[in-house]
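Q: Please take a close look at one helix of this structure and the charged pairs around the fold. A formal, connected account would be appreciated.

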Amino acid sequence: MMHPDTEVRFISEEIGYGVVALKHIPKGTITWVQDELDQIYSPQQVERMSEVAQKMIDKYTFRNNKGNFVLCWDTAKYVNHSFRSNCLTTAYDFELAIRDIQAGEELTDDYGYLNVTEAFEAKNEDTERKVVYPDDLENFHQQWDEQLQQAFTFINNVAQPLKPFISVEVGQEINMIVKGQKEMKSILHCYYDGD
């Protein structure tokens, strides 16, 4: 489920539609949670789908660490890629704002941690990286972990409208991480290695 203070808007001819903040979303805010309405398809199920459906799966899903395709039921499927993303996924089936997101700003993910099936050249953002690769999680997890650890320190100090969708167990683990009683699981936990 996508953060409630967002909406889908037309971004540009090149990009199409994206998810934009309606209000200020502070660093450490949970911006998305995988919930029970999200659909999960195995590779075998996708193989049996029509060519048209497979194209939609390729466009609107991400792969989890088991290699299954997750189709978000709401506007989350419109979150676009950026090498300078303002949101990062976690090993806990939710995403965090890794910096303040201003009203009117697009919420973005780095597709490098979404287990893409094929490499693709992304929009030029004057960054060192130009291409998203299936193994980006292996190469950039330490950098992303550092950003997540910083964002985690704010998680209990900002409004969390998506908190009801976090399980009790995950909520307890978050509190232990914030208190320094437990180490945060690496984003590398999200990696699907193809085996």
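A: The account below begins with helix α4 and then turns to salt bridges. This is a predicted model, in which local features need pLDDT of at least 70 and side-chain atom pairs count only at pLDDT 80 or more, while totals for chains, interfaces and linings use all residues. Residues are numbered from 1 along each chain as its sequence is written, and side-chain values use heavy atoms, with hydrogens and water left out.

Helices (H or I, at least four residues) and strands (E, at least two) are DSSP runs, numbered from the N terminus. Buried means under 20% relative accessible area, exposed over 50%, and partly exposed in between (1.4 Å probe, protein chains only). In α4, residues 168-178, the buried residues are Val170, Glu173, Ile174 and Ile177. They lie on the same side of α4, because they cover an arc of only 105 degrees around the axis, the arc being that of the directions from the helix axis to the C-beta atoms. Their cover includes β9 (94-97) and α3 (136-152), where contact means heavy atoms within 4.5 Å. Gly180, with a positive phi near 80 degrees, follows α4.

A salt bridge is a side-chain nitrogen of Lys or Arg within 4 Å of a carboxyl oxygen of Asp or Glu; this rule gives six. Glu173 of α4 forms one with Lys182, the closest N and O atoms being 3.6 Å apart. Glu173 is buried at 14% relative accessibility, whereas Lys182 is partly exposed at 38%. Elsewhere, salt bridges with shared partners join Asp110, Arg129 and Asp136 into one network.
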